[in-house]
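Got your viewer open? Let's take a walk through this structure, one selection at a time.

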Amino acid sequence: MFLSTLKWHSNATFSFTKRFLGNTAGYPVLHIPRSSIYPLGAGKAAKPLFQDVTWTISPEDAWVVLSVGTTSGKTNLLQALTGHLRISPPPPPPDGLFPFLQGRDPHDSIALVSFAHRSRAAGGAFVDFTARYGAVREEDKVTLRDTFFPETAKPLHELAIPSLHAHPNAILPHEVDSAKETSRRQLFEELVDTLALRQFLDLPMIALSNGQTRKARIIKTLLEQPDLLILDEPLTGLDVSTRSLLLSILSSLHKSPGRPHIIMGMRIQDPLPDWTTHVAIVHKDGTIQTGKKEDILKTIADHIPSHHFEGKLITATHPSATGAVQEQEPLVDLDDVNVSYGDRKVLKNINWKIEKNSRWHLLGANGAGKTTLLALITGEHPQSYTNSSKLRLFSRPRAKWPTPHLHARIGRVSPELHNAFPRRKGLTVWDAIGTAFDGGFVPRGRKRVGLSEDGTELEEGGEIETWRLNRMWHVLEGLGPTAWSRVKDREALEAFSKRPFADLSHGEQSIVLLMRALVTQPPLVLLDEAWSGMDEEMVEAARKYLREGGGLQDGQACVVISHWEEEVPWGWNDGVRRFQLIDGVGKELFPQ
Ligand SMILES: Nc1ncnc2c1ncn2[C@@H]1O[C@H](COP(=O)(O)OP(=O)(O)OP(=O)(O)O)[C@@H](O)[C@H]1O
């Protein structure tokens, strides 16, 4: 791996330098003299999102943008750089916002990679994310190559190669910019191998794992060979080795002579790449602090996590290590379970039991099969039926469960659910959480905490309604802004519960969906990338609530999927167990 990374570096540097030797050295990359930044279309009296911003980026700098006390600040600031917000007064001509471009069109020269969630504009309907597991529909057949790299498609037949018919001296259209195309193609081949995507190029998009899709989007942007590359949380959803590969690729780009300039948005809890020279901090009050890395980090030392997590302490003796017998029937029991698509086996002879009260960390590289495994347990995967006799869920074979009844026993968060959750106008935070009681996505009932089992209104003030309302406030108090911001009063919590879900930042939406997963106190909680977009305070609040704040009650089991060890609320000391998938093969890991 290391050798191939080095090899890639030298080639990549070569490929990129050819293109990036523009003669604009010395001009600042970015220059905001002193301006405020507003939403597009905001009137003159509007309050700016960012006030009195002074920010200059020199060509040799490597900048990282962080937010403190706000999850949307960093993303908004990066959006401002790509023309999605109004900068007033605008940086003066002729140099403008990006002096180094010297008149070149920013649209052709600047690329943003962001994994932001669906906006309200994307519509209010629920998107059926389980389509991925069923028969692939005609409209879903489009492959990864078709979507991102259509120019790399191989001709179906050699007669389809135009040069075989053309006059030997004719200049063919595809040769016009062939040097550029050759370097682009070379870069494509290198990136696809380095990020291990080659075998997925001709699979339908819908069959790709989250991490695989993200890698493809990053490659596509690198192939555009922008002069300025802006990445917002590019490490989200990537496994540990892919994260370090991507950072090596970016470091190599940064160091190469005719490089693209890079600005990267990161979470405050993430380690900064060592080649970072400068940091911009977006504060909650809309001020932005910029400067050299060392100087800025000193000023926000209080916000930087001390990496105090117990995940790596190895002193506990886990019951399974001492051979203690689990007497109760497990909530989930997989006995030699397999999943394949044609010849492709993605889960191989999986044996796994999830007992009551257990805490699991499910680990595995991108594409290892984690989401597929969870889709079997939630009954969403059609092959959960073919495996039915080997897949016991809540003491019955899978086929004995109508899927909605299974869902009522499982609280979950996943990137697919996050992405698919409706952003309907008028759907408040309270509504979004309350939909959990019916297991659907439409708020129901007078108090928006669902209906009774027979579909009628709950008895007003009755036991069930009272319990549900209490649960709503429990999750709101445990995970709402009073747990992760300085605001501590009940009024602020009530105001939060009334906010439109679609208007929340990505991290706030994540924490609301976590409340939704926990509010019904289901026997099994599946948290797949639940911390996505959350800032350090939110992650800490969520960890605390799950560990000791009553987020999980006696009897409930919880499985966490995260590529970040420190996000898992429990360490070995707390009895967490680890189940690892490697290329579809699963095994439990024990402390060493
Ligand atoms: N319909 C399908 N056809 C073929 N292969 C598929 C299909 N659905 C999933 N796969 C493959 O199954 C493998 C496991 O995917 P899965 O989403 O479970 O991975 P994951 O471990 O959750 O990855 P990530 O960490 O990136 O989310 C992937 O290699 C994926 O390409």
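## Stop one: a strand on the inside

Select residues 261-265, which make up strand S7; five of its five residues are buried, so the strand is largely enclosed by the rest of the structure. Here "buried" means under 20% relative accessible area, "exposed" over 50% and "partly exposed" in between, using a 1.4 Å probe and protein chains only. Helices (H or I, at least four residues) and strands (E, at least two) are DSSP runs, numbered from the N terminus.

Before going on, a word on the model: it is predicted, so local features need pLDDT of at least 70 and side-chain atom pairs count only at pLDDT 80 or more, while totals for chains, interfaces and linings use all residues. Residues are numbered from 1 along each chain as its sequence is written, and side-chain values use heavy atoms, with hydrogens and water left out.

Now show the side chains of S7. Which residues point which way? His261, Ile263 and Gly265 point one way and Ile262 and Met264 the other, and all are buried. In a regular strand the side chains alternate between the two faces of the sheet.

## Stop two: the neighbours of S7

Add residues 228-232, strand S6: this strand runs parallel to S7, and five bridges join the two. Look for leucine 231, which stands opposite methionine 264 in S7. To get from S6 to S7 the chain passes through helix H7 (residues 240-255), and this β-α-β crossover is right-handed; that is, with the strands pointing away from the viewer, the path from the first strand over the helix to the second runs clockwise.

Next, add strand S3 (residues 63-68), which pairs with S7 in the parallel sense over three bridges. Tryptophan 63 stands opposite isoleucine 263, and valine 65 stands opposite glycine 265. Two strands count as paired if DSSP finds at least two bridges between them.

Zoom out a little. Six strands form an open sheet with mixed pairing, in the order S5-S6-S7-S3-S8-S9. At the edges are S5 (110-114) and S9 (288-292), each pairing on one side only.

Show H7 again: this helix packs on the sheet and touches S6 and S7, and its direction makes about 145° with that of S7. Contact means heavy atoms within 4.5 Å; axes are lines fitted to C-alpha atoms, for helices over the stretch in contact, and angles run from 0 to 180 degrees between N-to-C directions.

## Stop three: rings

How many aromatic pairs does the structure hold? There are 10. Rings of Phe, Tyr and Trp (its six-membered ring) pair if their centres lie within 6.5 Å; planes under 30 degrees apart are stacked, over 60 edge-to-face and the rest tilted.

Pick phenylalanine 421 and phenylalanine 441: their ring centres are 5.7 Å apart and their planes at 75°, so the pair is edge-to-face. Phenylalanine 421 is buried, at a relative accessible area of 0%, and phenylalanine 441 also counts as buried, at 18%.

Then select tryptophan 430 and tryptophan 473, a tilted pair at 5.5 Å centre to centre with 55° between the planes. Tryptophan 430 lies in helix H13 and tryptophan 473 in helix H14, so the pair ties together parts that are 43 residues apart in sequence. Both tryptophans are buried.

Last, try Trp352, Trp360 and Phe579, which ring pairs link into a cluster.
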